[in-house]
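Biologist: I would like to go through the packing of this model. Please show the sequence and structure.

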Amino acid sequence: MELSFGTVALVIFIIALVFIFKTINVVPQQHAWVVERLGKFHAVLAPGLNIVVPFIDRIAYKHSLKEIPLDVPPQVCITRDNTQLQVDGILYYQVTDAMRASYGSSNYVQAITQLAQTTLRSVIGKMELDKTFEERDHINTTIVNAIDESAANWGVKVLRYEIKDLTPPAEILHAMQRQITAEREKRALIAASEGRRQEQINIASGEREASIARSEGERQAAINRAQGEASAIVALADASAAALRQVGAAIREPGGMDAVNLRVAEHYVDAFGKLAKTNNSLIVPANMGDMSSVIASAMQIVKSQKSDLLP
């Protein structure tokens, strides 16, 4: 009888533990648990300690409220210019309403995945192949806006969509590579021609500046020579004038005319002495033998020029 009582007590203790375990529930942070009472939605348990009625209430769904990345399977899309393009992306979503996430769709993950794929095919179909590589941000934004409208009924918020890879067919890749190579070669040729053009411009400018510098140098040299010659002529004229003034002054001195006579006679004799040594023909006065008459003739010439030489 004691054994039976102990067994009953043990059973009651176990039932009490199960009752307590079923009654007390601890919800982790950033989680939401949906409680059903007798098969009907009753409440959403917030993070922390929560008490439910055992055998009447049950935890039907458990949701994480964190941001969740969802890998969208790659698919083949047709662009506007009828080119096949394999697109692979990743979707980031967050459960914002636990009740809607539980009852709004049988599988909200599959629903947003399928919606992302169909929207992506629609967006890619409106673009040409080249634009798909340039308009990634536009594609991402369009997909997020399209999914977010429908996902609101499922208690899910689509945060962003990112394209991981765009893979065209192999022949398209080869054609694009050839196009890129041709474009690079074109830019290289243009750069080389621009370099040659600039080089020719620099050479022509250098030659022009050098020619101008040479002409300026020649002009300055000619000016300097002319100024030198003019200065020399002026100096020679000044020297000749000074010499004539000195000669005139000397003639006015006492005995000046005698010195002139002597000097003229010396030059006269010297000149005829030089003529004797050459074969030149010379017409001389008839009274050549009379030296005094020759000197007198020379002096007459000096006297006739005296009024012009002396002031």
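Biologist: How many residues are in the largest nonpolar core?

Modeller: The model is predicted. Within the largest nonpolar core, the residues with the most contacts are Leu 91, Ile 112, Leu 120, Ile 139, Ile 147 and Tyr 161. Two or more residues each come from strands S6 (68-78), S7 (84-95) and S8 (156-167), and from helices H3 (108-125) and H5 (136-151). The size of this core is 29 residues.

Biologist: Which element gives the most to this core?

Modeller: Helices H3 and H5 are among the elements that give two or more residues. The top contribution is seven residues, and it comes from H3.

Biologist: Which residues does Leu 120 touch, not counting those up to four places away in sequence?

Modeller: Leu 120 is one of the residues with the most contacts inside the largest core. With residues up to four places away in sequence left out, Leu 120 touches Gln 75, Cys 77, Val 87, Ile 139, Ile 143 and Tyr 161.

Biologist: Is H3 parallel, antiparallel, perpendicular or oblique to H5?

Modeller: The axes of H3 and H5 are 9 Å apart, at an angle of about 140°. Roughly antiparallel requires an angle over 145 degrees, and roughly perpendicular covers 65 to 115. Therefore H3 is oblique to H5.

Biologist: How many charged residues are in the contact of H3 with H5?

Modeller: The H3 side includes Ile 112, Leu 115 and Thr 119, and the H5 side includes Ile 139, Thr 142 and Ser 150. By class, the contact has eleven nonpolar and three polar residues, and the number of charged residues is none.

Key: Residues are numbered from 1 along each chain as its sequence is written. This is a predicted model: local features need pLDDT of at least 70, side-chain atom pairs count only at pLDDT 80 or more; totals for chains, interfaces and linings use all residues. Side-chain values use heavy atoms; hydrogens and water are left out. A nonpolar core is a set of buried Ala, Val, Leu, Ile, Met, Phe, Trp, Tyr and Cys residues joined through side-chain atoms within 4.5 Å. Buried means under 20% relative accessible area, exposed over 50%, partly exposed in between (1.4 Å probe, protein chains only). Helices (H or I, at least four residues) and strands (E, at least two) are DSSP runs, numbered from the N terminus. Contact means heavy atoms within 4.5 Å. Axes are lines fitted to C-alpha atoms, for helices over the stretch in contact, and angles run from 0 to 180 degrees between N-to-C directions. Angles under 35 degrees count as roughly parallel, over 145 as roughly antiparallel, 65 to 115 as roughly perpendicular and the rest as oblique. Ala, Val, Leu, Ile, Met, Phe, Trp, Tyr, Cys and Pro count as nonpolar, Asp, Glu, Lys and Arg as charged, and the others, Gly among them, as polar.
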